[in-house]
Amino acid sequence: MGVIAHRCRLYGLTIESPFPLPGGVAVPHPGRAPDVTIHWERESGWREFAVAMTIPDAREGRPLVGETPEGALCVEWEREVQFVIPPDNDRIIVVCRPSKLAFVPAALVGVGIGLLLHRRGLLCLHGAALRINGRTIALLGESGAGKSTTSAALIIRGAIPLSDDLVVLRPQDGGFVVEPGSAGFRLDETATEKILGADTTLARLPWVDKLLWDATPTRPQGTQPQMLDAIYLLGDAGDGEGVQIGPPLPPLMALRELMEAWYPPGFKPLLTQARLDDLRAVVERVPARIVRFPRQWDILPGLYEALAQ
């Protein structure tokens with residue numbers, strides 16, 4: 001029996017995969033070939049690095065990245081799962097035992113596709129993107145800053161999800177548009193109960209110990225790339241009782257913040273001059289502000305109102 005191919009749209013690409021991808025919007029199988037195909041090989045197909053490009057950080061569970069002698073980019077997790085991106089950047093080869101396939105889809109729509117898009121010349125940031133009151137915003141911040149939780153709370157109040165974890169920007173008409181991507185939001189159990197209700201049952205993601213809320217049904221069918229209007233950097237709780245949104249950051253300060261938000265997180269050795277130039281262009285054209293608010297559930301309605309202005 002042949003493998004069923006799943007075809008979806010993510011980040012401006014038509015992707016064909018042997019398994020469904022979280023947050024992907026299913027598309028029919030037209031006559032034209034997909035932009036990217038996902039292939040699976042058993043562990044015997046493991047590639048060895050010729051050049052290691054990052055140092056693994058065991059404390060944070062980040063993968064190791066390197067290149068093969070043929071120029072393929074590889075990312076691997078403890079010799080259990082490996083993604084291989086050949087130089088033509090139109091395939092991702094997944095190498096693992098069958099028992100590890102459950103780990104693959106969530107990692108693919110993050111690190112795997114993020115690295116492929118980087119190689120294809122697109123700018124990727126670590127955050128979430130939403131449409132709120134007719135404006136497109138990106139929420140950026142360190143890991144654990146609450147980007148997904150904040151976004152989920154805003155979606156429940158009417159915001160439209162564009163992507164979570166990976167925000168892909170493409171220059172257009174003097175600005176930058178956000179490509180609709182995976183609308184699978186990663187929430188802990190407390191956030192799931194508070195935002196979605198105690199009776200909500202979600203699938204648990206491997207490795208990260210989070211629950212996956214697929215908010216794709218809340219996004220209008222056929223959503224197109226949206227011009228980015230503003231960037232909000234999630235700061236600490238601040239000294240006040242309400243939501244505090246600062247003035248636009250000076251370009252140099254905003255550039256430093258966006259460099260920290262470059263995707264994948266922790267892989268700054270892969271940040272090229274071309275992508276750095278893209279970051280400079282973003283901070284020159286899109287205002288970036290720091291938003292501070294107490295991490296309390298009852299503050300979220302006020303946060304929605306503040307970001308909707």
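**Close-up 1. Asp-165, found in strand E12.** Strand E12 spans residues 160–172, strands being DSSP runs of E with at least two residues and helices DSSP runs of H or I with at least four, both numbered from the N terminus. This is a predicted model, in which local features need pLDDT of at least 70 and side-chain atom pairs count only at pLDDT 80 or more, while totals for chains, interfaces and linings use all residues. Residues are numbered from 1 along each chain as its sequence is written, and side-chain values use heavy atoms, with hydrogens and water left out. Asp-165 has a phi near 75°, a positive value in a residue other than glycine. At 16% relative accessibility Asp-165 counts as buried (buried means under 20% relative accessible area, exposed over 50% and partly exposed in between, with a 1.4 Å probe and protein chains only).

**Close-up 2. The second largest cavity, with Asp-165 in its lining.** About 30 Å³ of space lies in this cavity, where a cavity is a set of points on a 1 Å grid over the protein atoms alone at which a 1.4 Å probe fits but cannot get out, and lining residues have an atom within 4 Å of a point. Besides Asp-165, the lining consists of Tyr-11, Val-109, Gly-110, Asp-164, Ser-182, Gly-184 and Arg-186. At least two lining residues come from each of H1, E12 and E14.

**Close-up 3. The largest cavity, lined by residues including Pro-22 and Leu-205.** The space in the largest cavity is about 30 Å³, a volume being the space filled by probe spheres set on grid points that are joined across faces, edges and corners. Its lining also includes Ala-106, Val-109, Ser-182, Gly-184, Arg-186 and Leu-212, and helix H1 (104–119) and strand E14 (184–187) each supply at least two of the lining residues.

**Close-up 4. Gly-184 in strand E14.** Gly-184 is buried, with a relative accessible area of 5%. Leaving aside residues up to four places away in sequence, Gly-184 touches Asp-164, Leu-212, Trp-213 and Asp-214, contact meaning heavy atoms within 4.5 Å. Gly-184 and Asp-214 are 30 residues apart in sequence, yet their C-alpha atoms are 4.2 Å apart in space.

**Close-up 5. Backbone features in two loops, at Arg-79 and Pro-264.** Arg-79, in the loop between strand E7 (73–77) and strand E8 (81–85), has a positive phi of about 55° although it is not a glycine, and at 47% relative accessibility Arg-79 counts as partly exposed. The peptide bond from Tyr-263 to Pro-264 is cis, with omega near 0°, and Pro-264 is found in the loop between helix H4 (251–260) and helix H5 (273–285).

How values were computed:
1 Å grid on protein atoms, 1.4 Å probe; cavity = no way out; pocket = protein on both sides within 12 Å on 5 of 7 lines; lining within 4 Å.
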